[in-house]
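This report describes a predicted model. It begins with the surroundings of a single residue and then widens to the strands and the whole chain.

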Amino acid sequence: MELNHLNEQGNAHMVDISGKSVTDREAVASGRIVMQAETLKLIAEGNMPKGDVFAVSRIAGIMAAKRTSEIIPLCHPIPLSAIDIRIEADGDSEIIVEARVKTTGQTGAEMEALTAVSVAALAIYDMCKAVDRSMEIKSIRLESKSGGKSGTYLRQEKP
């Protein structure tokens, strides 16, 4: 397996994408947050002291996707054409966060989608930590990606 973030001397470097084709690309990532049922009930009722948890975390995820190259070393800055963050309760004690990111360019948007999910989940934790410090962020992963030389990837199993 070739590690393309290492040069001939074994030093980290940013991959040269100048020869890659410009294609439409899309990546979807997801993650989960487990919490006490009472915490999720407060969120659903709009009674969390810091405000609308889902709205703030959606904005945090969008902002994070747009700044991924500033926080992930060697990640190319890419123009994003769409970012959609979906946040919903799953049962009485879990929240699912999903990010769908689109671009037209020479490299994919996987890192942007994963970063969006991570930061949206962290924003949920931050907004709810005064009520429930036992929350657990888990299962952050790439669900699918399309476009580019490597083609389509679709995760086969679900959490």
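## Surroundings of Arg155

Leaving aside residues up to four places away in sequence, Arg155 touches Arg141, Leu142 and Glu143. With one of these neighbours there is a polar link, in that a polar atom of the Arg155 side chain lies 2.9 Å from the backbone oxygen of Leu142.

Arg155 is placed in the segment that follows strand S5 (153–154). Because its relative accessibility is 18% and the cut-off for burial is under 20%, Arg155 counts as buried.

## Strand pairing around S1

Strand S1 (residues 23–34) runs antiparallel to strand S3 (residues 94–105), and the two are joined by 12 bridges; within this pairing, Val34 stands opposite Glu94 in S3.

S1 also pairs with strand S4 (residues 136–146), again in the antiparallel sense, over eight bridges. Here Ser30 of the one strand faces Arg141 in S4, and Arg141 is also one of the residues that Arg155 touches.

## The protein as a whole

The protein contains four helices and five strands, which follow one another along the sequence in the pattern β-α-α-α-β-β-α-β-β. Its C-alpha trace spans about 55 × 30 × 25 Å along the principal axes, and among contacts with a separation of 6 or more, 69% are between residues 24 or more positions apart.

Of the 159 residues, 39% count as buried, while the exposed area amounts to about 9,000 Å², with 52% of it supplied by carbon and sulfur atoms. The protein carries 19 positive and 22 negative charges, whose mean positions are 1 Å apart.

How values were computed. Residues numbered from 1 in each chain as written. Predicted model: local features only at pLDDT ≥ 70, side-chain atom pairs only at ≥ 80, totals over all residues. Heavy atoms only, no water. Pairing = 2+ DSSP bridges. Buried < 20%, exposed > 50% of the residue type's maximum accessible area, 1.4 Å probe, protein only. Polar contact = N/O pair within 3.5 Å; in protein donor to acceptor, adjacent residues only side chain to side chain. Contact = heavy atoms within 4.5 Å. Areas by Shrake-Rupley, 256 points an atom, 1.4 Å probe, with all protein chains shown as cover. Lys, Arg positive; Asp, Glu negative; His and termini not counted. Charge placed at Lys NZ, Arg CZ, Asp CG, Glu CD.
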